[in-house]
Amino acid sequence: MKPLEPVPRRSLFLPLGLLTVALIATSASAGPPERDFEDVTARAGVAARHHNRAFKNPYAAIMAGYTALGAAAAVADYDGDGFEDLFVTDSGETGKNHLYHNNGDLTFTDVAGKAGVADGNDASNATADALWLDYDNDGRPDLFVVRFGHNQLFHNEGNGTFKDVTRQAGLDRYANAITAIAFDYDRDGYVDLFVGSYFQPIDIFRPQTPRFFPESFETANNGGGLTVWRNQGNGTFKDVTREVGVNLSGWTLDLGHADADNDGDDDLYVACDFGTDRFLLNNGDGTFKDVTKETIGIDTKKGMNADWGDYDNDGWLDVFVTNITDDYMREGNFLWRNNGLDDKGKLSFTDVARETGTYDTGWGWGGKFFDYDDDGWLDLYVVNGWVSAGPESYVPDVFQMITRPNVDFADARNWPPMGNKSLSGYEKKRLFHNEAGTFREVAARHGLDSTRDGRGIAVADFDNDGRLDLFVANANAEPYLYHNVRPAGPHWATFLLEGRKSNRDAVGAQLRATAGGRTQLRFVDGGNGFASQSSRRIHFGLGGAPVIDRLEVRWPSGLRQTFTNLPAGRFYRLVEGEPDPKPFEPRKK
């Protein structure tokens with residue numbers, strides 16, 4: 001190779017105009033940076049628009065803006081063919097929910113009608129969220145549809161159809177629910193249901209009173225709260241909310257579970273609108289303790305999202321919570337860094353959102369940790385935007401209301417109608433690239449800076465190519481399916497877990513992979529993240545490491561297993577108690 005020649009000294013003193021031309025020419029020749037994601041929504045066949053619910057009661061003009069919710073997505077391989085499928089919600093009175101069957105070639109077919117899960121909306125119910133869970137441990141994901149009104153539980157019959165078993169399961173109760181997660185809080189081998197409700201259990205479609213809105217902007221405690229449904233192992237659930245020590249009546253927007261103190265059982269973060277978030281520590285005896293004050297403190301923000309992940313690779317799970325940062329509310333997000341246990345065994349968190357660059361994401365909704373570039377560090381994608389409508393702003397109307405003396409905020413009649421005004425609308429989404437514990441925003445570079453009103457984010461490898469894709473649900477708009485097209489290079493490995501003594505889906509299992517001198521922690525979650533459920537497969541980005549030197553699995557039952565020398569670039573199936581990983585091969589289409 002010819003050695004590089006020194007640059008002639010005179011080239012360092014080009015006239016300014018020539019230097020500018022040279023720089024422009026160099027930039028043009030280099031071209032724009034390559035994008036890691038491609039919008040394939042239309043081509044994939046998943047472009048059906050979400051519709052907000054339009055109410056027909058005396059308070060409809062006010063409720064329209066405050067219930068621009070319900071755009072959600074949930075991932076699971078419902079038919080066991082090795083390709084992840086999608087359930088996507090609609091909220092319009094005549095709108096149909098969608099079950100998108102993955103055809104294996106990055107296209108999908110909506111089979112919701114044939115499967116019996118399309119009808120979630122009518123005059124008395126509006127779909128808000130969805131959750132896959134194998135509640136009877138038969139190896140087939142069942143479907144829980146979260147609704148304002150009555151929830152629905154569909155049993156997976158194993159032949160491509162589902163059966164409505166809501167009533168026989170004991171879940172036929174008016175809930176006004178907006179979120180749900182499933183994990184085995186008492187470690188009896190069956191996942192339990194945690195359902196968060198926004199409004200109190202009144203008929204919001206035909207309210208008998210106008211006093212059903214939040215009583216305060218900062219300390220409202222007149223919401224729907226949280227219900228804990230214990231799985232009794234016989235196809236039925238029992239309300240054990242008070243029995244397990246949960247007594248919450250806030251305006252719940254999201255729930256997130258994880259083993260925060262690494263003691264083997266999962267704890268719970270509750271994100272609440274119009275009042276303080278809550279952190280509940282699992283006592284390990286089938287009960288929870290509210291330790292909010294001593295672990296995260298009491299806040300007056302508007303918690304929207306709760307997603308757990310070890311963003312700094314220190315072996316302790318952290319939690320990301322979106323709040324509101326706009327023209328009139330400068331709240332900012334929380335990135336709660338887990339400090340671990342002190343010398344007295346006490347757990348605590350420190351908010352490092354400002355320090356890490358993740359503080360401001362506008363009117364935040366869903367936020368998900370995922371390693372999109374397989375470098376071994378969890379990145380973060382956040383969607384935002386409340387109502388994008390006409391050019392007039394709704395902010396002055398809100399100011400006028402809150403500055404009036406003695407306003408009864410709980411009375412819906414005192415809230416100004418939004419009409420066609422915008423509130424924190426047309427906001428650009430954020431993709432934060434993790435740079436060893438701090439973050440750099442790169443959404444525009446990768447084409448992920450949409451201005452639609454985002455709600456839920458579902459992460460999955462839809463084409464089984466070892467790169468994580470994104471499905472984004474948008475309120476009153478079409479969704480996005482972003483295919484990860486990052487060039488091959490970094491190594492990866494993916495694991496699908498099957499519990500035996502633990503719950504079948506191994507929800508709550510922790511995996512610690514050591515490769516290239518670094519150890520990463522991941523876990524199987526049961527639906528964390530606002531209005532969304534991501535794949536329960538565990539994906540590790542390994543950077544330049546071609547082998548996982550050591551993989552430790554901590555199963556919910558308490559069993560620990562260790563595997564060594566696992567080559568990268570493969571899908572593995574781990575069965576609880578079996579000594580060797582099994583290859584995982586999707587069926588041929």
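Trainee: Let's start with the open sheet of five strands. What order do the strands come in?

Mentor: Happy to. Keep in mind that this is a predicted model. The strand order in that open sheet is β5-β4-β3-β2-β32, and the pairing is mixed.

Trainee: And which strands stand at the edges?

Mentor: The edges belong to β5 and β32 (532-533). Each has a single partner strand, so one side of each is left without a neighbour in the sheet.

Trainee: How do β2 and β32 pair, parallel or antiparallel?

Mentor: Strand β2 (residues 73-76) pairs with β32 in the parallel sense, over two bridges. If you want a spot to look at, A73 stands opposite S532 in β32.

Trainee: Okay, what about β20 and β21? In which sense do they pair?

Mentor: Antiparallel, over four bridges, with β20 covering residues 334-341 and β21 covering residues 347-351. W336 has D351 in β21 as its bridge partner. The hairpin of β20 and β21 has five residues between the strands, and G345 there takes a positive phi near 80°.

Trainee: Nice. Switching to rings: how many aromatic pairs does the structure hold?

Mentor: The structure holds 42 aromatic pairs. Take F108 and F462: their ring centres are 5.8 Å apart and their planes sit at 80°, so the pair is edge-to-face.

Trainee: Where in the chain are F108 and F462?

Mentor: F108 is in strand β5 (residues 108-110), while F462 is in the loop between β26 and β27 (469-474). They are 354 residues apart, and the pair links distant parts of the chain.

Trainee: Are those two buried or exposed?

Mentor: F108 is buried, with a relative accessible area of 6%. F462 is buried too, at 0%.

Trainee: Got a tilted pair for me as well? What are the numbers for F199 and F213?

Mentor: F199 and F213 are 6.3 Å apart centre to centre, with 45° between the planes, and that pair is tilted. Both residues lie in the loop between β11 (192-197) and β12 (225-231), so the pair ties together parts that are 14 residues apart in sequence. F199 is buried with a relative accessible area of 3%, and F213 is buried with 2%.

Trainee: Which residues do ring pairs link into a cluster?

Mentor: F199 and F213 are among them, along with Y59, F148, Y198, F212, F217, W251, F274, F409 and W415.

Trainee: And which residue lies over the face of Y359?

Mentor: That would be R354, at 3.9 Å from the ring centre.

Trainee: Now the empty space. How many cavities of 30 Å³ or more are there?

Mentor: The count comes to seven. The largest cavity has a volume of about 420 Å³. Its lining has 27 residues, and F369, R522, S535, R537 and H539 lie nearest the centre.

Trainee: Which strands supply at least two residues of the lining of the largest cavity?

Mentor: They are β18 (307-309), β22 (364-370), β26 (454-460), β31 (518-523) and β33 (538-543). By class, the lining of the largest cavity divides into 12 nonpolar, five polar and 10 charged residues.

Trainee: What about the second largest cavity, what volume does it have?

Mentor: About 190 Å³. The second largest cavity is lined by 18 residues, with Y66, D273, F274, W363 and W386 closest to its centre. That lining has 16 nonpolar, no polar and two charged residues. You met F274 earlier in the ring cluster.

Trainee: Last topic, pockets. What volume does the largest pocket have?

Mentor: About 610 Å³. There are 35 residues lining the largest pocket, and the closest to its centre are D77, P141, L496, D505 and R536. Two or more lining residues come from each of β2, β6 (126-133) and β29 (491-498). The classes are 13 nonpolar, nine polar and 13 charged.

Trainee: And which element gives the most to the lining of the second largest pocket?

Mentor: Helix α3 (residues 60-66), with four residues. The second largest pocket has a volume of about 360 Å³. Of its 24 lining residues, N52, A68, V387, S388 and N476 lie nearest the centre. The lining of the second largest pocket has 12 nonpolar, seven polar and five charged residues.

Definitions and conventions
Residues numbered from 1 in each chain as written. Predicted model: local features only at pLDDT ≥ 70, side-chain atom pairs only at ≥ 80, totals over all residues. Heavy atoms only, no water. 1 Å grid on protein atoms, 1.4 Å probe; cavity = no way out; pocket = protein on both sides within 12 Å on 5 of 7 lines; lining within 4 Å. Points joined across faces, edges and corners; volume = space filled by probe spheres on them. Nonpolar A, V, L, I, M, F, W, Y, C, P; charged D, E, K, R; others polar. Phe/Tyr/Trp six-rings, centres within 6.5 Å; stacked < 30°, edge-to-face > 60°. Buried < 20%, exposed > 50% of the residue type's maximum accessible area, 1.4 Å probe, protein only. Lys NZ or Arg CZ within 6 Å of the ring centre and 35° of its normal. Pairing = 2+ DSSP bridges.
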